[in-house]
Amino acid sequence: MAILVTGGAGFVGLNVVRALLERGDEVVLFDSGDLPPGAERSLRPWQRALTIERGSVVDADAVTALLARRPIDRVIHAAAITSGPVREARDPAAILDVNLRGVLNVLDASRRHRVKRFVYVGSGAAYGESLYRLPRLYESTPSTPTTLYSITKHAAERTCMRLAALWKIDVVCVRLGTVIGPWERDTGARDNYGTHTQLASRAVAGRTAILTREAVQRDWIYAPDVAQALSLLVHAPALGHTLYNVSSGVPWIDPIPRWCEALAQRYPRFEHRTESDGEAANIWYTDVNRGLMDIGRLQAETRFVPHTMQAAYAAYLDWMDATPEFFGH
C-alpha cells in the first residue's frame, strides 16, 4: 500500500515525498507539473518505491482512476494555487477550482476507495486578519479570511472536517506557517516567492541583494520540518484533534540579516545591503508582520521537533551545495 501525495512536484509536496521515501514508505507522486532541476537525481535512491503520475486534481476522473488502479493507503493533499491579488482579479475561477473542487475530488475518491487517513495541507492564511492582529495563534483562534487564497483554504479545511463527520472517515487538517527551504520555485501555482529563496538565488549567481529598511516577522519554518510533521500526522495511530498548526512555534531573531550572512560566507561574491535614500530594494517580502502559530498541540501528540533557525540555515546551505542545478549552476 502506498501514500499518495498530490502536488508532489511542488515546493511542499516534494519535501514530503522525500521524507516519506526516507522512512521507507511507498509513494505515488501526483502532479500536473514537472519535477524541478535536481529532483530526479535526489530521488533516484528510492526509485523502486516511487511512482510518478501526471494529472490534475481538478480532473475528477483522473483522480478516481488513479485510486482505482493503485492501492492507496493514505493521502497527503498538498496541491493548491497560492494566489496573489493579481491572479485573484484575473482568474478567480481557477483558484476556486484547484483549492476547493480539487480538494473535494481527492477527498471523495479517498472515501470511495477506503483510504485510511486523509491529510489536508492548509495554510496559516486561513486565520485571515487574525494573523495580523494577534501575537500568537492557536487552532481555536477565530478565523477571518479576506483574500481568495485565505477564503479557499479556510473553506476547504472546513469542508474536509464536515464531510469527515458525515462520511465517517479519518481526516486531519494542518495550517502551515511560512515555509522556506529546498525546492521553492516558480511553478505557475505560487504567486508569493519567498524572501529566503530570492536571496539564495542571488547569492548563487553572485549578485547584490538590496534589502528593505523594514524587516518582517513571520512564523518561518524549514520545509523538511513541514515534511516531518506531515509524515508524523499521516502515520500516527491515533490523534486527538482534526486541526494542527505546523510552524517553528518560536520567533526567529533577525532572520534575514542572519541568512544573508550565512549566504555570504558560503558564496563570497554575494553582497547585500539595506536600501539607501532614493534606492529601490530588489528583495521583497510576500507579506507584513504576522503572529506566531502555536505548535503545542502538535508537539503534545507527536515527536515533532523543528530545526532552530541556525540549524535550518545550515541544512539549507548544504542542500544548495548538493543540488547546484536547481539554481542553474
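The radius of gyration here is taken over C-alpha atoms, and the rule for a globule is 2.2 Å times the number of residues to the power 0.38. Keep that in mind for the first stop. Note too that this is a predicted model.

**Stop 1: the whole chain**

Start with everything shown as a cartoon. With 329 residues, a compact globule would have a radius of gyration near 20 Å, and the 19 Å of this protein chain agrees with that. Turn the view along the principal axes and the C-alpha atoms fill a box of roughly 60 × 45 × 40 Å. Colour by secondary structure and you should find 12 helices and 13 strands.

Now switch on a surface. The accessible surface of the chain comes to about 14,300 Å², and carbon and sulfur atoms account for 52% of that. How much of the chain is buried? Buried residues make up 53% of the 329. If you draw contacts between residues at least 6 apart in sequence, 80% of them join residues at least 24 apart.

**Stop 2: the cavity**

Next, select L107, S110, R111, V115, K116, R117, F118, I169 and D170, which line the largest cavity. A search of the whole structure finds one cavity of 30 Å³ or more, and the volume of the largest is about 50 Å³.

Which elements should you show around this cavity? Pick α5 (92-112) and β5 (117-123), since each supplies at least two residues of the lining. Helix α5 gives the most, with three residues. Colour the lining by class and you get four nonpolar, one polar and four charged residues.

**Stop 3: K168, one step along from the lining**

I169 and D170 belong to the cavity lining, so step back along the chain to K168, in the loop between α7 (148-167) and β7 (171-176).

Methods
Residues numbered from 1 in each chain as written. Predicted model: local features only at pLDDT ≥ 70, side-chain atom pairs only at ≥ 80, totals over all residues. Heavy atoms only, no water. 1 Å grid on protein atoms, 1.4 Å probe; cavity = no way out; pocket = protein on both sides within 12 Å on 5 of 7 lines; lining within 4 Å. Points joined across faces, edges and corners; volume = space filled by probe spheres on them. Helix = DSSP H or I, 4+ residues; strand = E, 2+ residues; numbered from the N terminus. Nonpolar A, V, L, I, M, F, W, Y, C, P; charged D, E, K, R; others polar. Buried < 20%, exposed > 50% of the residue type's maximum accessible area, 1.4 Å probe, protein only. Contact = heavy atoms within 4.5 Å. Areas by Shrake-Rupley, 256 points an atom, 1.4 Å probe, with all protein chains shown as cover.
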